[in-house]
Each structure stands twice: as structure tokens, then as C-alpha cells.
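Q: I have a model open and would like to learn how to read its charged side chains and its overall build. Could you walk me through it?

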Amino acid sequence: MAELKLEKIYKKFDEQSVVEDLSLLIPDGAFTALLGPSGCGKTTTLRMIAGLEQISQGSLALGDTLLATDQYHMPAEERQMSMVFQSYALWPHMTVAENVGYPLKLKKVKGEALKKQVMAALEIVELGPYAQRSPQELSGGQRQRVALARCLVSEPKVVLLDEPLANLDRHLRATMEQTFREFHRRTGATFVYVTHDQAEAMALASQIAVMHKGKLMQ
């Protein structure tokens, strides 16, 4: 079991507290939404889990593995996590397949093994035929699915999603919600999903953590 455990987490930028006394247990394989208005600390919390921000106080662990305290910080690339951003964060000079395969190249996966894993990830998000296209040729929904495939390809234990539907129209959002549910079911990974949209959180998540002004409310 690899439950994600946040204990009395604080994050300060200069003297300003962005996250205060946050304790949260996210069960292994759960789909958890961090819900709250803009500026409530939910994205900062996600970035601390990912290892993109250091914590000011408290501790963060995945199962028996300590990820961070105020004295220790495991690098992001060692955490067995993948993150999907609101902006997709795709490389414009790479094809869809090259974007998806990038995490594998960093792990020194090559040749046929690389190609096989990339195509398997693209098939899951139904983009196999688009492997050789550039991101600029794709719609917003397709780009988000490429970002999802890139996240999936390295078989992470934890998938972190930062408002991934915010740039999509209403019709596409409904389609992508279904894609996320299916993606979660297939992978069995633990999902942590940041959103300010209550309906979105309720449609997707098995548990919802409501945040306000840096604190966990319920």
C-alpha cells in the first residue's frame, strides 16, 4: 500500500503563509480532489507533493518512503509521480510520440521497448494515429490527452493534475472527465486533482478535500 500522508504541512513564501497546518491522508489508489477558490493553497500543496516546492514545516510520505520534511527534500524525479499541467506543457518541436516518450528517454529506455510503451500509452488515450503529428496540429482536448499519455507512460504511483480541464470548452470537459475516470480505473494509480469547480470535483473524485486560505476545512 502506498498511501500519501501529509502531516502538519506549512508553506511560507517570505513571511506569508500559503499553506497552514495541513494534515491529509490520501489512500492508495484513491481519486482525491483538492477543491477551493483561487489562492487557497491547493496548487502549492500539489507542487509540494510533486517535489517542485520545498515544505517549510511538517512531513510528507508515500507509504513507508519519506518524501520531505523541513530538513529533507527528495528530488521530484525520484518520487515515482507524474504531473499534468493546465497548460499541457508539450514541447512544440517534438512530435506527439516524442513528447510522450520523453520521460522514458530520461530513464534510458530505447529502441523497440520505447516505441512499444509510447504506442501503448497513446492507445489508452485514443491517439495512436496521431503519433507523428506535432502538438500544434491538435485540438486542446487532444493536447491534454497527449499530456495524459506522457504522464501514464512512466507508470507512476501517483498522478497529480493541476486544473487540467480549465482551458477546455464545456463539451470537451465532459469527454475528458470520462477519459480521466477510465484512466484512473485502468492504472490503479493514486490521483490528486486540483480544481476550483465543485461539480467537476464531485463528478470525478472518491474523496474531496476542501481548502480555504491555506487550511483544510473538511
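A: Happily; we will go from the overall build to the charged side chains, and end with one helix.

Q: Let's begin broadly: how many helices and strands are there in the protein?

A: Keep in mind that this is a predicted model. The protein has 6 helices and 10 strands. Its radius of gyration is 17 Å, close to the 17 Å that the globule rule gives for 218 residues, so the protein is as compact as a globular protein of that length. Taken along the principal axes, the C-alpha atoms fill a box of roughly 50 × 40 × 35 Å.

Q: What share of the residues is buried, and what share of the contacts comes from residues 24 or more positions apart?

A: Buried residues make up 48% of the 218. Among contacts with a separation of 6 or more, 68% are between residues 24 or more positions apart. On the outside, the accessible surface comes to about 11,200 Å², and 49% of that belongs to carbon and sulfur atoms.

Q: Now the charges. How many positive and negative side chains does the protein have, and how many salt bridges does a search find?

A: The general idea is that side chains of opposite charge can pair when their charged atoms come close. Here there are 25 positive and 25 negative side chains, with the centres of the two sets 3 Å apart. Searching the whole structure gives 9 salt bridges.

Q: Which residue forms a salt bridge with K8?

A: That is D21, with the closest N and O atoms 3.7 Å apart. The pair links distant parts of the chain, since K8 lies in strand β1 (residues 4-13) and D21 in strand β2 (residues 16-26), 13 residues apart. K8 counts as exposed because its relative accessibility is 52%, over the 50% cut-off. D21, at 38%, counts as partly exposed.

Q: And what does a salt bridge inside one helix look like?

A: An α-helix has 3.6 residues a turn, so residues three or four places apart point the same way. In this model, E182 and R186 both lie in helix α5 (residues 170-187), 4 residues apart, about one turn of the helix. They form a salt bridge whose closest N and O atoms are 3.3 Å apart. Both count as partly exposed, E182 at 26% relative accessibility and R186 at 48%.

Q: Which residues are linked in a network of salt bridges?

A: Take K11, R47 and E53, which are linked in such a network. The side chains of E53 and R47 meet at 3.4 Å, N to O. R47 counts as partly exposed, with 28% relative accessibility.

Q: What about R150: is R150 buried, and how far away is the nearest side chain of opposite charge?

A: R150, in helix α4 (residues 140-153), is buried yet has no salt bridge. The nearest side chain of opposite charge is E98, 12 Å away. Leaving out residues up to four places away in sequence, R150 touches Y88, A89, L90, N99, V100 and P103.

Q: Some of those belong to helix α2. Which residues of α2 are buried, and what do they pack against?

A: In helix α2 (residues 96-106), the buried residues are V96, A97, N99, V100, G101, P103 and L104. They pack against α3 (111-124) and α4. N99, V100 and P103 are thus on both lists: buried in α2 and touched by R150. Just after α2, K108 takes a positive phi of about 70°.

Methods: Residues are numbered from 1 along each chain as its sequence is written. This is a predicted model: local features need pLDDT of at least 70, side-chain atom pairs count only at pLDDT 80 or more; totals for chains, interfaces and linings use all residues. Side-chain values use heavy atoms; hydrogens and water are left out. A salt bridge is a side-chain nitrogen of Lys or Arg within 4 Å of a carboxyl oxygen of Asp or Glu. Helices (H or I, at least four residues) and strands (E, at least two) are DSSP runs, numbered from the N terminus. Buried means under 20% relative accessible area, exposed over 50%, partly exposed in between (1.4 Å probe, protein chains only). Lys and Arg count as positive and Asp and Glu as negative; His and the chain ends are not counted. Contact means heavy atoms within 4.5 Å. The radius of gyration is taken over C-alpha atoms; the globule rule is 2.2 Å times the number of residues to the power 0.38. Accessible areas come from the Shrake-Rupley method with a 1.4 Å probe; for residues, only the protein chains shown count as cover. The place of a charge is taken as NZ of Lys, CZ of Arg, CG of Asp or CD of Glu.
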